[in-house]
Amino acid sequence: MKVIGKDIQRVDGQSLVRGKPVFADDIKLKDVLHVKILHSPVAHAKILSMDTSKAEALDGVVAVFTHHNFKPHYYTTAGQGYPEPGPRDIRILDSTVRFVGDRVAFVAAETIAIAEKALDLIIVEYEELPCIFDAQKSMTAGFALHPKAGTSGIHDIDKNIAAHLEAELGDVEAALADSAHVFEGTYSTPFVQMAHIEPHISLTWLDNNNRLVIRTSTQVPHHVRRIVAEVLDIPVSRIRVIKPRIGGGFGGKQEILNEELVGAVTLKTGRPARIEYTREEELFAARVRHPERVTFRLGFDTNQLLTAIDLNILEDCGAYGPHALTVMSVTSQKALSMYKAPNIRVNGDGVYTNLPIGGAYRGYGAPQAFFPLESLMDEAAEQLGVDPIELRLKNVFQVGDDIPIAKILGEGREGFPLVLYSTEIAACLNEGRELSNWDTLRAAKQTGRFRTGIGVAVAGQGSGIPGVDMGAAFIKMNEDASFNLQVGATDLGTGSDTALAQIAAEVLNVPVEKIIVYSSDTDMTPFDTGAYASSTTYISGSAVKKAAEACKAMILEQGKKLLQVETAEIVDTDVVGSNGQSISFSDICIKSFYTEEQAQIMGTASHLSYDSPPPFNATYAEVEVDTLTGTTRVVRIVSITDAGQIINPKMAEGQVEGGIPQALGMALTEFMPFDDKGRMLNLDFNSYHIYTARDMPELVVRFVDSHEPTGPYGAKAVAEIPINAPAPAVTNAIYNAVGVRIKHLPVQPEQILAEMDLK
Amino acid sequence: MLFHSRSDLFQLSLTVNGKSVDREIVTHLRLLDFLRDELLLTGAKEVCGAGECGACTIIMDGQTVNSCLILAVEAHNRNIVTIEGLRDTTELTDLQQSFEHQHAVQCGYCIPGMVLTGEKLLERNSYPTRDEIKYELSGNICRCTGYHKIVDAIEKCSVTDETQIEHR
């Protein structure tokens, strides 16, 4: 292959290193109104009255919006397929607020300062209501956080259960009763911030035809169009969503978070409008990773083979449930797609509380699965007296295995059968064992203040949502044998524009520079569900491959007509006829435009897959625990991934290298404490600590040879898989170092100091 | 200058990317907003607004500073260089090339700040160690890359002979 598997320079690299104005807010709109949101200062209250007269009287204020301005209409902010699998439980503005940060009102003004001042002048009378900050207690609180009238899709309103799932294969109780060994553990994962460094930014204006243009930092332009049309009650045809360059998303921009607000301002005033979340708003009022409390029971037979996996999930979905069902589904799907067990069962509840709203965050429920699963596997290995790597190798799914959970538990409905066509998890584990010096470090005797430990964990993910995610592509040819590639797929910083260009270039026998990528704009590019669920390379990439093949077929047909031959073949960038004559791609296009057999050479294709091949990863963590302070420093991470054929090795490495510190943050440094009123306490990057360059351990990142027969050129996904295994690898390493089993993240030094066992 | 009285205004003179600029501004205007909104130099980004992330890094009189923490009036009579003015030709600097070659860029939002910080480091220290580079970058937050390839880009640029960059 000429360009697949090569470190092709990014198609957008030059503009980014120059700081070109490519992001949403890098354009200035004339007469723009600045929009600010009044967020609820209380966690649960009924709004008795609102007086906006002083705000409206302030010089420079153009409009103030409260719930009185909108008809009660419930929707979901989740940028997902339609009909959405989750509950419809949120309004653009409501007369009840349900968490500190909920929207109370919004203001449009001539400057940001005036808009902020206007917020201070809005007088709101709240009747405070009892609050629930504990998902378990929420189910028996005796009062409902959401109304019955108007909402839909909520599993059990009275018990505050937004979503519920259960599935069983075989007979788990019987199998556990018959098992030689049963291990049980309850673990919890915390709220975590996506912390994409570009905040949520949206700009709107009316074009010359009175259509609403939305330029927004989104991962899901087509879902933005659909949902804004619904919320503002205007036709889809009146909306154009432009996705400019995106400054990171990680799932946080799979949400319709403020597009509908600026849209409302522009429709009402006729003027352009702009909103940009501050970092503080990002932290307390945007979206977070769902905390989950997960209990696993694992049964093993006398040969150390799994007999049963029982999984119980309690998910805190926060005040609203946009991703309540599907995040929990992913937790169970991924937990039950790693190891083969004849009996499996899952039972899960996603429960409302008066805390921030759970959204989509890289891994999407899978980190919540693998921290407990891989911790308990480590414990099981110790109890069974077997090497943790060996125990995993014995139990992982193999090529040809059916993964039954995929069929019984889909995206809010029954799923599709999944057969594993590719897995190199054994190669990942074995290569990592060497590169991490596992055997040496494991055997090392520890003394002194600083104790070193090594731990391992494995994980899987998916490649798109089977039967749901659809991507489409359009390719057209130009005179110089360059091609415009128009995709609905959304590069949010991952490099997907480059990867998709590589796929098109490989098919069309041209260098990547000849592929001009445009992504994405609902007026210009075909539909794509968007950049989430690790779908772009696998799903959109397949669409690009098929569109390029269609385009190539048309080049050949035009070539044959121009050469006046019945048969011909493509050799590099020429069509060579059976009569020995040839014509270049460029000449074919020029003639097709201007002189003979006139036609635009182009290709279009859509792609949907009922497969979602899991990429796999093995992560080895070497840590150093300070026994004086209880703090843990990660010294080295070895991360070995099977992502099928790698389209661009350097870019794929970048995905893994970037996923690791996000995972380590969840394990060690990122923490959202709340006070007893539900107010988040650390509202800046100084106190919400994401990894900086100095915190980084040494990274060893490798990919094993692998080929996925259903993927474009053999590719699987790579975006989310690196974030799943580092946390349990670290906590397993802590156990190895000081004998403390961590069951709740983030790791608390106090727990290590209290429980360490210095042999 | 809507909504401001004369006493709020200041006649600012400074040099930005080699050109002298004279503007009447409101005194409370941050340098970041002056650059982005008045001069349309949008390479510097607002990410935290509190000096924690370095995305708004610019060079003032030869020093990297967070332009969100500086009032525009403090830049009076000063010399400002932004990512747009790093070089007065269309060529990339060696470090910008190195960022590209090493795939140090993912979303790119932090990159102008990273490049400027790297440039100033290499000016002071031609051969920084990886630890020195990480120390220098500790005021610039990136959520995409894990910093690995950004450190690579600076490390591999720490030579004066341009031809060596390709081969390292």
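## Chain A and its domains

Chain A of this predicted model is divided into three parts: domain 1 (33–129 + 200–276), domain 2 (292–465 + 611–758) and domain 3 (470–608). Note the plus signs. Domain 1 of chain A is written as two stretches, 33–129 and 200–276. Domain 2 of chain A also has two, 292–465 and 611–758. Domain 3 of chain A is a single stretch, 470–608.

How far apart are the centres of domain 1 of chain A and domain 2 of chain A? Taken over C-alpha atoms, the separation is 36 Å. The two domains still touch: 22 residues of domain 1 of chain A and 23 residues of domain 2 of chain A take part in the contact.

## Where domains 1 and 2 of chain A meet

Domain 1 of chain A and domain 2 of chain A bury about 1,700 Å² between them. Carbon and sulfur atoms account for 55% of that area. No salt bridges are counted between these two domains. Polar contacts are found, however: eleven residue pairs, with both partners at pLDDT 80 or more.

Look at the side of domain 1 of chain A that touches domain 2 of chain A. Its residues divide into nine nonpolar, nine polar and four charged.

## A threonine pair in chain A

T295(A) sits in strand 15 (residues 292–300) of chain A. Is this residue buried or exposed? T295(A) counts as buried because its relative accessibility is 18%, and the cut-off for buried is under 20%.

Which side chain makes a polar contact with the side chain of T295(A)? The partner is T186(A), at 2.8 Å. T295(A) also touches E184(A), G185(A), D310(A), L311(A) and N312(A), among the residues more than four places away in sequence.

## Unusual backbone spots in chain A

Two cis peptide bonds can be found in chain A. One runs from Y82(A) to P83(A), with omega near -5°. P83(A) lies in the loop between strand 3 (61–65) and strand 4 (96–97) of chain A. Another joins S519(A) and S520(A), with omega about -20°. S520(A) belongs to the loop between strand 22 (515–518) and helix 16 (536–563) of chain A.

A481(A) is a further spot to check. Its phi is positive, about 60°, although A481(A) is not a glycine. The residue is placed in the loop between strand 20 (470–477) and strand 21 (483–487) of chain A. A481(A) counts as buried because its relative accessibility is 8%.

## Chain B and its domains

Chain B is divided into domain 1 (9–85) and domain 2 (94–167). Their C-alpha centres lie 23 Å apart. In the contact, 15 residues of domain 1 of chain B meet eleven residues of domain 2 of chain B.

These two domains bury about 1,100 Å² between them, 66% of it on carbon and sulfur atoms. The interface has zero salt bridges and four residue pairs in polar contact, both partners at pLDDT 80 or more. Which element gives the most to the side of domain 1 of chain B that touches domain 2 of chain B? Strand 3 (residues 57–60) of chain B does, with three residues. By class, that side has six nonpolar, six polar and three charged residues.

## Where chain B meets chain A

Now look between the chains. 45 residues of chain B are in contact with 59 residues of chain A. The area buried between them is about 4,300 Å², and carbon and sulfur atoms give 57% of it. How many salt bridges are counted between chain B and chain A? The count is seven. One of them pairs the side chains of R36(B) and D25(A), at 3.7 Å from N to O. Polar contacts link 27 residue pairs, both partners at pLDDT 80 or more.

Several helices of chain B help to form the side that touches chain A. Helix 1 (31–38), helix 2 (94–101), helix 3 (111–124), helix 4 (130–136) and helix 5 (148–155) each supply at least two residues. Helix 2 of chain B gives the most, with four residues. By class, this side of chain B has 22 nonpolar, 13 polar and ten charged residues.

## A positive phi in chain B

H103(B) lies in the loop between helix 2 and helix 3 of chain B. Its phi is near 55°, a positive value in a residue other than glycine. H103(B) counts as buried because its relative accessibility is 4%.

Methods. Residues are numbered from 1 along each chain as its sequence is written. Chains are lettered from A and ligands numbered from 1 in the order in which they are written. This is a predicted model: local features need pLDDT of at least 70, side-chain atom pairs count only at pLDDT 80 or more; totals for chains, interfaces and linings use all residues. Side-chain values use heavy atoms; hydrogens and water are left out. Domain bounds come from an automatic or database domain assignment. Contact means heavy atoms within 4.5 Å. Buried area is the accessible area (1.4 Å probe) that two parts lose on being put together, summed over both. A salt bridge is a side-chain nitrogen of Lys or Arg within 4 Å of a carboxyl oxygen of Asp or Glu. A polar contact is a pair of N or O atoms within 3.5 Å; within protein, one must be able to donate a hydrogen and the other to accept it, and residues adjacent in sequence count only if both atoms are side-chain atoms. Ala, Val, Leu, Ile, Met, Phe, Trp, Tyr, Cys and Pro count as nonpolar, Asp, Glu, Lys and Arg as charged, and the others, Gly among them, as polar. Buried means under 20% relative accessible area, exposed over 50%, partly exposed in between (1.4 Å probe, protein chains only).
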